[in-house]
Amino acid sequence: MARFELKLPKMGESVAEATITNWVKNVGDTVEQDETVVEIATDKVDSEVPSEVSGKIVEILFQTDDVVQVGQTIAIIETEGDGEAATPVAEAAPATVETVEKTVETAKETVQVNFADSDKFFSPLVKNIAKEEGISLQELEAIQGTGKNNRVTKNDILAYVANRGDVVQSATPAPAAKPATGQPAVSAKAAPVSVNGQDEIVEMDRMRKMIAHHMVQSVQTSAHVQSFIEVDVTNIVNWRNKVKNTFEKREGEKLTFTPIFMEAVAKAVRDFPMINISVDGDYIIKKKNINLGMAAALPNGNLIVPVIKNADQLNLVGLAKAVNDLANRARTGKLKPDDTQGGTYTVTNVGTFGSVFGTPIINQPQVGILALGAIRKVPAVIETPEGDFIGIRQKMFLSHSYDHRVVDGALGGQFVQRVAHYLESFDVNRDV
């Protein structure tokens, strides 16, 4: 018999950890090579971890909702024979067992010292963070959890720690009131009850909880300011109508407006590198690469933001292929974890649903997001050498939300103005 260590695989250069969401296999179950053992989640993308060998699950080292680092062993599989394909763990096992035992003992001590009086479940990771940061039991119980069954996750407690310094506490919080003897404890987050008995109450799914947490955190973090500008895209509409059929026959891809807009945004970001930044405390991080996120609505009503890496280095054909690929895989749930990581600026097309313009929320830790409004035929004043006259033009609004902590009105306005300039000066004679 040989023992194989099943590790959390590398899922992209910017993905360092994942949350265990469901064990498909349990201790004692047999598993075939390439068969799914566990389901995991990174940010907004769900993935499956398959077994690299055939054998029997003899040990599971992490529980549901635990956060695991890439490369950590999550389970031990016993295989037949010496198993050249398997990774023996004879020498590594003592160290691994010792590490696990120490972790368990530390968690036990933490519970005994700080958390024994709580009726809520907190993972060992959350307890350790609370202990290191000096967070009291009352504070921990007051944190709104976004995990399964409203559990406090690593992101929840880290967000609390980040905002905790802004609150001056003049006294230790009063202990939570204990229920009278013989009376059951009442959860502070009990499910709501329909008043008239007809309302349907549905719990948010995991992705919606994460989106909600991310959006609220963004509003609390950034000072949102918006700039709006109207753009004449008549030349772009006419050019696309002229070339879209030829483009599809030649490339096997549909040519939508999105890659054309992404091209203009990438150029503008390159012109104004201080839009391509993030904030870490009192420091500004200037991003080397221009990675454009494209917000996409999913069939279930949720939202996801896949990322076009190095968008400024792609031509229009490359952008069209990237946009179509990411959009198709988003709709079919086939995005990889790295597909949603590393974005430096985001574009959202609110015009898809007929909105003229919008005020989007910044996708943290970025400092700006651009909303594309619906393209409409409108009467407009057209200036010519012979004088002004009224004509029908294709126009749209661009809405730029930016973080006023680091992006002032001049930069925010100049950036969206530059995007408009690139769109209005589009070459109708260009080849594609």
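Trainee: What makes strand 4 and strand 5 a pair in this predicted model?

Mentor: Strand 4 and strand 5 are joined in the antiparallel sense over six bridges. Pairing requires at least two bridges between the strands, so the six bridges of strand 4 and strand 5 satisfy the criterion. One bridge can be named: E39 has E48 as its partner in strand 5.

Trainee: How do you know that strand 2 pairs with strand 4?

Mentor: The same test applies. Four bridges join strand 2 to strand 4, and the two run antiparallel. Because at least two bridges are needed, strand 2 and strand 4 count as paired. Here N22 stands opposite E39 in strand 4.

Trainee: What makes strand 7 a partner of strand 2?

Mentor: Strand 2, residues 17–23, is joined to strand 7 by three bridges, with the strands running antiparallel. The threshold is at least two bridges, so strand 2 and strand 7 also pair. Within these strands, E17 stands opposite Q69 in strand 7.

Trainee: In what order do the four strands of the open sheet lie?

Mentor: The order is 5-4-2-7, with antiparallel pairing.

Trainee: Why are strand 5 and strand 7 called edge strands?

Mentor: Strand 5 (45–50) and strand 7 (67–69) each pair on one side only. Neighbouring strands of the sheet are turned by 40 degrees against each other on average, with direction ignored.

Trainee: How do you know that strand 4 is mostly covered?

Mentor: Strand 4 spans residues 36–42, and six of its seven residues are buried. Buried here means under 20% relative accessible area.

Trainee: Why is D403 called buried?

Mentor: The relative accessibility of D403 is 0%. The limit for a buried residue is under 20%, so D403 counts as buried. D403 belongs to strand 18, residues 387–403. Leaving aside neighbours within four places in sequence, D403 is in contact with S222, A223, I362 and V367.

Trainee: Is F228 buried, partly exposed or exposed, and why?

Mentor: F228 has a relative accessible area of 42%. Buried means under 20% and exposed over 50%, with partly exposed in between; F228 is therefore partly exposed. The place of F228 is in strand 9, residues 224–232.

Trainee: What makes F228 eligible for a surface patch?

Mentor: A residue in a patch needs over 30% relative accessible area, and F228 has 42%. F228, V356 and F357 form a nonpolar patch on the surface, and together they have about 260 Å² of accessible area.

How values were computed: Residues numbered from 1 in each chain as written. Predicted model: local features only at pLDDT ≥ 70, side-chain atom pairs only at ≥ 80, totals over all residues. Heavy atoms only, no water. Buried < 20%, exposed > 50% of the residue type's maximum accessible area, 1.4 Å probe, protein only. Contact = heavy atoms within 4.5 Å. Axes fitted to C-alpha atoms, helices over the stretch in contact; angles between N-to-C directions. Patch = residues over 30% accessible without salt bridge, like charges linked within 9 Å, V, L, I, M, F, W, Y side chains within 5 Å. Areas by Shrake-Rupley, 256 points an atom, 1.4 Å probe, with all protein chains shown as cover. Salt bridge = Lys/Arg side-chain N within 4 Å of Asp/Glu carboxyl O.
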